[in-house]
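Here are my notes on the model you sent round, set out as numbered points so that each can be checked in turn. Please read them with the coordinates open.

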Amino acid sequence: MLESRSMLDVPPASKYLYKQGKLRIRASARREDIDYTRILSVEAHEEGRFRDYRFSHKKRDAFLMNAVTNPQFWHLIIAEVDATPVGFLYCVANEYIVGVEDLMTTVYAYYVRKQFRETMIGGKAAILMMRACIGWSRKKNCREVMVHATSGIDALRTDRFLKRTGFSTIGGNYALLLNRLKTT
């Protein structure tokens with residue numbers, strides 16, 4: 001069973017480094033971690049809904065480099081066991097699209113590798129990465145954390161997990177595949 005919302009609450013003084021058995025959760029703003037997470041982002045892409053889209057390592061690296069060049073707003077969280085990547089979470093603290101001053105955290109990528117996903121380590125990694133994200137968001141005085149679950153990977157499991165950890169549904173994501181429609 002997943003931990004309750006109270007298990008995600010992080011004291012403001014947290015260093016965002018968690019250790020449970022061999023599992024390690026760490027925040028990073030280092031260039032070498034951009035390379036380290038490459039296998040994770042490729043796996044997430046190949047497993048997810050957008051696998052038919054061409055993957056660009058250059059665009060991915062530029063996007064993740066925000067955590068290195070602008071760590072006051074961008075955050076990369078890595079889960080690993082014995083230096084083996086288990087998962088990652090990538091987010092940004094920014095203003096609402098038409099808002100001013102108030103910050104919110106947007107989670108752009110949240111991935112646990114398939115071989116860990118149904119294990120105790122994978123569950124703990126998911127919880128602790130989100131705990132780190134929430135703690136970081138609180139430290140930034142963000143009003144809320146938004147998770148856009150658009151990968152198509154285990155959508156029902158993702159929904160159950162997020163709801164059990166205190167998130168609520170505020171809308172939905174809808175897609176229309178244009179290349180499958182006949183045009184007249």
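The points below go from the overall fold to the cores, the aromatic pairs, the charged pairs and the surface.

1. The model is a predicted one, and every remark that follows should be read with that in mind. The chain holds 8 helices and 6 strands, and, read along the sequence, these elements follow the pattern α-β-β-α-α-α-α-β-β-β-α-α-β-α. Of the 184 residues in the chain, 39% are buried.

2. Which elements give two or more residues to the largest nonpolar core, and which residues in that core touch the most other members? The core has 29 residues, and Ile 25, Leu 89 and Cys 133 are the ones that touch the most other members. Two or more residues come from each of strand S2 (23-28), S3, S4, S5, helix H7 (120-139), strand S6 (142-147) and helix H8 (155-164). Helix H7 supplies the largest share of this core, with 10 residues.

3. Another core, of 13 residues, lies apart from the largest one, and its members include Leu 64, Leu 76, Tyr 90 and Val 92. Tyr 90 is worth keeping in mind here, since this residue returns in the aromatic pairs of point 5.

4. The count of aromatic pairs comes to 7. In one of them, the rings of Phe 63 and Trp 74 have centres 5.5 Å apart and planes at 80 degrees, and because an angle over 60 degrees counts as edge-to-face, the pair is assigned to that class. The two residues belong to distant parts of the chain, with Phe 63 in helix H4 (residues 57-64) and Trp 74 in strand S3 (residues 74-81), 11 residues apart. The partners also fall into separate accessibility classes: Phe 63, at 34% relative accessibility, counts as partly exposed, whereas Trp 74, at 15%, counts as buried because the limit for that class is under 20%.

5. Trp 74 has a further aromatic partner in Tyr 90, and this pair is stacked, with 5.5 Å from centre to centre and 25 degrees between the planes. Here too the pair links distant parts of the chain, Trp 74 being in strand S3 and Tyr 90 in strand S4 (residues 84-95), 16 residues apart. Both Trp 74 and Tyr 90 are buried. Taken together, Phe 63, Trp 74, Tyr 90 and Tyr 108 form one aromatic cluster.

6. The count of salt bridges comes to 15. One of them joins Arg 117 to Glu 47, with the closest N and O atoms 2.7 Å apart. This pair links distant parts of the chain, as Arg 117 lies in helix H6 (residues 114-117) and Glu 47 in helix H3 (residues 38-47), 70 residues apart. How do the two partners stand in accessibility, buried or exposed or in between? Arg 117 counts as buried, at 16% relative accessibility, while Glu 47, with a relative accessible area of 24%, is partly exposed.

7. Arg 117 also meets Asp 154 in a salt bridge, at 3.6 Å from N to O. This second link again spans distant parts of the chain, from Arg 117 in helix H6 to Asp 154 in the loop between S6 and H8, 37 residues apart. Asp 154, which is partly exposed with a relative accessible area of 34%, forms a salt bridge with Arg 157 as well, at 3.6 Å from N to O. Arg 157 counts as partly exposed, at 32% relative accessibility.

8. Elsewhere, salt bridges that share partners join Arg 26, Arg 30, Glu 32, Asp 33 and Glu 80 into one network. Arg 26, a member of that network, also has its charged end over the ring of Tyr 36, at 5.5 Å from the ring centre.

9. On the surface, Tyr 96, Ile 97 and Val 98 make a nonpolar patch of about 400 Å². Val 98 lies in the loop between S4 and strand S5 (103-112), and this residue counts as exposed because its relative accessibility is 68%, where the class asks for over 50%.

Conventions. Residues numbered from 1 in each chain as written. Predicted model: local features only at pLDDT ≥ 70, side-chain atom pairs only at ≥ 80, totals over all residues. Heavy atoms only, no water. Phe/Tyr/Trp six-rings, centres within 6.5 Å; stacked < 30°, edge-to-face > 60°. Helix = DSSP H or I, 4+ residues; strand = E, 2+ residues; numbered from the N terminus. Buried < 20%, exposed > 50% of the residue type's maximum accessible area, 1.4 Å probe, protein only. Lys NZ or Arg CZ within 6 Å of the ring centre and 35° of its normal. Patch = residues over 30% accessible without salt bridge, like charges linked within 9 Å, V, L, I, M, F, W, Y side chains within 5 Å. Areas by Shrake-Rupley, 256 points an atom, 1.4 Å probe, with all protein chains shown as cover. Salt bridge = Lys/Arg side-chain N within 4 Å of Asp/Glu carboxyl O. Core = buried A, V, L, I, M, F, W, Y, C linked by side-chain atoms within 4.5 Å.
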